[in-house]
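Me: I should like to learn how to read a protein model feature by feature. Could we take the structure below and work through it together?

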Amino acid sequence: MMLKNYAPTHTHAWQKLEAHYKAVQPKHLSELFAEDAQRFEKLSLQFEDMLFDLSKNRVTEVTLDLLVSLAQEMELPAAIESLFSGEKINATENRAVLHTALRSFAGDALEVEEEDALKEVRDVQQQMRTFCNKLHSGDWKGYTGKPITSVVNIGIGGSHLGPQMVAEALKSYQKEGIEVYFISNVDGTDAAEVLKKLDPETTLFIIASKTFTTKETIANAETARDWFLKAARDKEHVKKHFVALSTNTKAVAEFGIAPENTFRFWDWVGGRFSLWSAIGLSIASAIGYDKFEEMLRGAEAMDKHFRQTELRRNVPVLMGLLSIWYTNFFGCQTHAILPYDQYLRLLPEFLQQLLMESNGKTATRDGSKVTYQTQPVIWGAAGTNSQHSFFQLIHQGTFIIPCDFIAPVNSNNPIGQHHTMLLSNFFAQTEALMKGKTEEEVRAEFAAKGNMSQEEIDALVPHKVFEGNRPSTSIMFHQLNPYTLGALLAMYEHKTFVQGIIWNIYSFDQWGVELGKQLAGKIEEELLDENAPSNHDSSTSGLMAYYKKHRK
Ligand code: F6P
């Protein structure tokens, strides 16, 4: 089946949810906890060693039942099957969406465009394994015969954020003797600052670009090649120091990278879903291919859970539906991602692209304009640092901001009492957000101290009251390792998909990034050639004139 085109607002479930919202909205979370001693058991889910506690959300069991009915009416189960079976559900690009095939270890074939996708995937995985073995054994030698010690991924968007985030997240699994770097921004500072740390004799560049036409990446790749050739001099040496990850093998060859150093992938892998493909080569270079495969296996386990578990117990389904509840019924416009693990500090940035590039849309599947909100803004940062910057607003600001708190039970760096302190904060914050602090509690605290006048107390009380009733989801797992990280990321990918199905939008294209790219190309010509025709609004012309006047 192709995805159906329905407005979610026209379903029976939506009407019921609107009425239900009116009943649930005035309820305080502490009331809901007080009413039901089993609330945590009823509203938390276990997936392998991972715990997803949904109980601090502004929902009841009825809310989840109604949200699941909405998913049923929107034909989510059939849509999930379309995803896994390789139907062309990315209709505006006429492509299948098969990142799940990249981590499928089941033996069956999967035909896409008359090719067996699984066989193709395994061939490239074997090529990646062989590459990693040569790199880590020191058999991959640079042009002066020295082994490679630095690997630099050059890419942007999905060809950068996922690899960089995972390489950072799994740093404690990193192979000795290899350092991995990332260059992404077309701002020359990015390349300059990385290159100055490197030795051309022992550096290997991975040029990661699905299309191999992305201007930023090509500019950075050319800069890296110039830097390398300044030392190596002979173009023949490029093949020992440059490999490419791309669907566009023709453009890769034109750049001068040998076919045996090209790692392919396919149109049916979306950029922001590509870290499982050859785009993950920098990850495998950092942690070794076996560990990379463990990550794929964790993702595969989550895929199976998503495909096989009834909607009401299905983690990505409920996570996606909660987002619908807050966005469309509570009117929340942002969602915070708060990892309590320093290794996961880049997760919010990665999820920004995943969710916002996928679901930041206004056109429904039939091309009409949505009449409801779609993707909220994703933002966040690691705890506890974020507690000392923006948590004030989450606790006492005027917006309700649903949060995902994420933490491992055991640290990869158990030092003294650090992890106990970290997790004390993790537990305390979700409790504080949920409960708040009433005026009576604030006054009782002042009374117990007994060192202030009534007048002073009255003036301070309003500032020290916390409304509470601020929702959060807590995600815990035993330890951050490749398998668990794979499962966590796959969960967020599927949550993204669920939201797109309910919002009746296409989640796998990104036409919204094109206009800026087109205009930048035209403006670049005008900045380089004084005689190029120019026709902008007065603001843009004024800014360009200021730049031209003062540039050196
Ligand atoms: O500009 C958006 C985008 O197309 C992303 O979707 C993609 O991840 C990124 O650019 C990089 O694209 P490529 O891998 O083709 O260089």
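Me: Is His-99 buried or exposed?

Reply: The model is a predicted one, and the burial of a residue is judged from its relative accessibility, with under 20% counting as buried. His-99 has 2% relative accessibility and therefore counts as buried. It sits in the loop between α5 (76-84) and β3 (111-112).

Me: Which residues is His-99 in contact with, leaving aside its neighbours within four places in sequence?

Reply: They are Leu-83, Trp-268, Phe-273, Trp-276, Glu-493 and Phe-508. Viewed from Trp-268, with neighbours within four places again left aside, the contacts are Ala-96, Val-97, Leu-98, His-99, Ala-101, Leu-102, Val-112, Ala-117 and Val-121.

Me: How should I think about cores in general?

Reply: In soluble globular proteins, nonpolar side chains tend to be buried together. Here the largest nonpolar core has 125 residues, and Trp-268, Trp-325, Leu-347 and Phe-497 have the most contacts inside it. Helix α20 gives the most to this core, with 11 residues. A second, separate core of 25 residues includes Ile-154, Phe-212, Ala-244 and Val-252.

Me: Where does Leu-67 lie, and how is its burial read?

Reply: Leu-67 belongs to helix α4 (residues 61-73). Its relative accessible area is 0%, so Leu-67 is buried. Beyond its neighbours within four places in sequence, Leu-67 is in contact with Leu-17, Leu-321 and Trp-325. The fold also brings distant parts of the chain into view: Leu-67 and Val-317 are 250 residues apart along the chain, and their C-alpha atoms are separated by 9.6 Å.

Me: How many residues of helix α7 are buried?

Reply: A general point on helices comes before the count. An α-helix has 3.6 residues a turn, so residues three or four places apart point the same way. In α7 (residues 161-169), 8 of the 9 residues are buried, and the helix is mostly covered. The buried residues are Leu-161, Gly-162, Pro-163, Met-165, Val-166, Ala-167, Glu-168 and Ala-169.

Me: Which elements do the buried residues of α7 pack against?

Reply: They pack against β6 (179-183), α12 (281-287), α13 (289-308), α15 (347-359) and α20 (482-502).

Me: Next, the sheets. What is the strand order in the sheet of 5 strands?

Reply: A sheet is read by its strand order, its edges and the sense of its pairing. This open sheet has the order β6-β5-β7-β8-β9, with parallel pairing. Its edge strands are β6 and β9 (262-264), each pairing on one side only. From one strand to the next, the twist averages 20 degrees. Within the sheet, β5 (residues 150-154) runs parallel to β7 (residues 203-208), and 5 bridges join them. Val-152 stands opposite Phe-205 in β7. Helix α9 (residues 215-232) packs on the sheet and touches β5, β6, β7 and β8 (242-246), with its direction at about 160 degrees to that of β7.

Me: What is the order of the sheet of 6 strands?

Reply: This open sheet has the order β1-β2-β13-β12-β10-β11, with mixed pairing. Its edge strands are β1 and β11 (377-380), each of which pairs on one side only. Neighbouring strands are turned by 20 degrees against each other on average, direction ignored. Helix α20 packs on this sheet, touching β1, β2, β10 (334-339), β12 (403-410) and β13, and its direction makes about 155 degrees with that of β13.

Me: How do β1 and β2 pair?

Reply: Strands β1 (residues 44-47) and β2 (residues 50-53) pair in the antiparallel sense over 4 bridges. They form a hairpin with 2 residues between them, and Glu-48 in the turn has a positive phi of about 50 degrees. Ser-44 has Asp-53 in β2 as its bridge partner, and Gln-46 has Leu-51. Strand β2 also runs antiparallel to β13 (residues 472-479), joined by 3 bridges, where Asp-53 stands opposite Ser-474.

Me: Finally, which residues come nearest to the ligand?

Reply: A ligand site may be read from its surrounding residues and then from individual polar atoms. Of the 14 residues around the ligand, Gly-158, Ser-159, Ser-209, Thr-211 and Thr-214 come nearest. An N or O atom in the side chain of Ser-159 is 2.6 Å from an oxygen atom of the ligand. For Thr-214, a polar side-chain atom lies 2.5 Å from a ligand oxygen atom. Lys-210 contributes a backbone N or O atom, which lies 2.7 Å from an oxygen atom of the ligand.

Technical notes
Residues numbered from 1 in each chain as written. Predicted model: local features only at pLDDT ≥ 70, side-chain atom pairs only at ≥ 80, totals over all residues. Heavy atoms only, no water. Buried < 20%, exposed > 50% of the residue type's maximum accessible area, 1.4 Å probe, protein only. Contact = heavy atoms within 4.5 Å. Pairing = 2+ DSSP bridges. Axes fitted to C-alpha atoms, helices over the stretch in contact; angles between N-to-C directions. Core = buried A, V, L, I, M, F, W, Y, C linked by side-chain atoms within 4.5 Å. Near = heavy atom within 4 Å. Polar contact = N/O pair within 3.5 Å; in protein donor to acceptor, adjacent residues only side chain to side chain.
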